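Welcome! Work through these exercises at your own pace, and try each task before you read its solution.

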Amino acid sequence: MTKSASHIDDPLWKSIIEDACGDFLRFFYPDIEKHVDFTKPFTFLDKEFESLFPPEPRNLGVRFVDKLIKLFRSGGEQQYFLCHIEVQSNKGKGDLAERMFTYFYRIFDKYKVPITAIAILVDPNHSYQPEIYKQEFLGTSLCYKFNSYKVIKQSEKNLRANPNPFSVVMLTALKALKTKHLDDTQLM
């Protein structure tokens, strides 16, 4: 069976993110230790959040966010914040920036807490890397900026040198993108 980057699918990413959540956070947010109380467990709010995204009109599909994580702030504060993670393996309709904004405002509307968001792009298109959603009309404007990580643009050398265990996940994703004919055993 020939594999491609797209075979690194949602269930696999979700499982990896859950199993290695601390390493994931430290990989993408190097100063996260200042903000998160790692003595408290992470809470994955996937089921609660799915309810904010009912099926599209005429049942054309279900909208959902890959991961929504509740993290307690460090410093003894009881307050928490949320981390929204979107993994996308192809350009699709090219509407990722707009969807990221929609996810943001629905999350904020429900929880009213600070939110950080990251889109991990696992596609071969070097030029596609949305990270800003803008809208302007009659003097009213909006600019929503989110974190965006493009796997294909990463350096294999830098990933190998990174001591964070999650860099192995990113290196594997990069290898899958660059070498289209690796099976699961070879990627392992």
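A polar contact is a pair of N or O atoms within 3.5 Å; within protein, one must be able to donate a hydrogen and the other to accept it, and residues adjacent in sequence count only if both atoms are side-chain atoms. You will need this in Exercises 2 and 5.

The model here is predicted, with local features needing pLDDT of at least 70 and side-chain atom pairs counting only at pLDDT 80 or more, while totals for chains, interfaces and linings use all residues. Residues are numbered from 1 along each chain as its sequence is written, and side-chain values use heavy atoms, with hydrogens and water left out.

**Exercise 1. Get to know the chain**

Task: Find how many helices and strands the chain has, and what percentage of its residues is buried.

Solution:
- Step 1. Helices (H or I, at least four residues) and strands (E, at least two) are DSSP runs, numbered from the N terminus.
- Step 2. Counting them gives seven helices and seven strands. Their order along the sequence is α-α-β-α-β-β-α-β-β-β-β-α-α-α.
- Step 3. Buried means under 20% relative accessible area, exposed over 50%, and partly exposed in between (1.4 Å probe, protein chains only).
- Step 4. Of the 188 residues in the chain, 41% are buried.
- Step 5. A contact means heavy atoms within 4.5 Å. Take the contacts between residues at least 6 apart in sequence: 63% of them join residues at least 24 apart.

**Exercise 2. Follow helix α4**

Task: Compare the reach of α4 with the expected span, then work out which side chain R99 contacts.

Solution:
- Step 1. The expected span of a helix is 1.5 Å times one less than its number of residues.
- Step 2. α4 runs through residues 96-111, which is 16 residues. From first C-alpha to last, α4 reaches 22 Å, close to the expected 22 Å.
- Step 3. The buried residues of α4 include L96, M100, F101 and Y111.
- Step 4. R99 also belongs to α4. R99 counts as buried because its relative accessible area is 17%.
- Step 5. The side chain of R99 makes a polar contact with the side chain of E86, at 3.5 Å.

**Exercise 3. Explore the nonpolar core**

Task: Find which element gives the largest share of the largest nonpolar core.

Solution:
- Step 1. A nonpolar core is a set of buried Ala, Val, Leu, Ile, Met, Phe, Trp, Tyr and Cys residues joined through side-chain atoms within 4.5 Å. In soluble globular proteins, nonpolar side chains tend to be buried together.
- Step 2. The largest core holds 29 residues, and F24, F28, I85, I120, Y149, V151 and M170 have the most contacts inside it.
- Step 3. At least two residues each come from α1 (10-19), α2 (21-28), β2 (67-72), β3 (80-88), β4 (115-121) and α6 (166-178).
- Step 4. The largest share, six residues, is supplied by α6.
- Step 5. Leaving out residues up to four places away in sequence, F28 touches I118, I120, Y149, F166 and M170.
- Step 6. There is also a second, separate core of 12 residues, with A97, A117, L121 and Y133 among them.

**Exercise 4. See how α2 meets α6**

Task: Decide whether α2 and α6 are roughly parallel or roughly perpendicular.

Solution:
- Step 1. Axes are lines fitted to C-alpha atoms, for helices over the stretch in contact, and angles run from 0 to 180 degrees between N-to-C directions.
- Step 2. The angle between α2 and α6 is about 75°, and their axes are 8 Å apart.
- Step 3. Angles under 35 degrees count as roughly parallel, over 145 as roughly antiparallel, 65 to 115 as roughly perpendicular and the rest as oblique. Therefore α2 is roughly perpendicular to α6.
- Step 4. On the α2 side, D23, F24, F27 and F28 meet F166, S167 and M170 of α6.
- Step 5. In α2, six of the eight residues are buried: C21, G22, F24, L25, F27 and F28.
- Step 6. F166 is buried too, at 1% relative accessibility. F166 and I17 are 149 residues apart in sequence, but their C-alpha atoms are 9.2 Å apart.

**Exercise 5. Check S148 and K112**

Task: Is S148 buried or exposed, and is K112 buried or exposed?

Solution:
- Step 1. S148, in strand β7 (residues 147-150), is buried because its relative accessible area is 17%.
- Step 2. The S148 side chain reaches the backbone oxygen of P130 at 3.0 Å.
- Step 3. K112 sits in the loop between α4 and β4. At 51% relative accessibility, K112 is exposed.
- Step 4. Most residues other than glycine have a negative phi. The phi of K112 is positive, near 55°.
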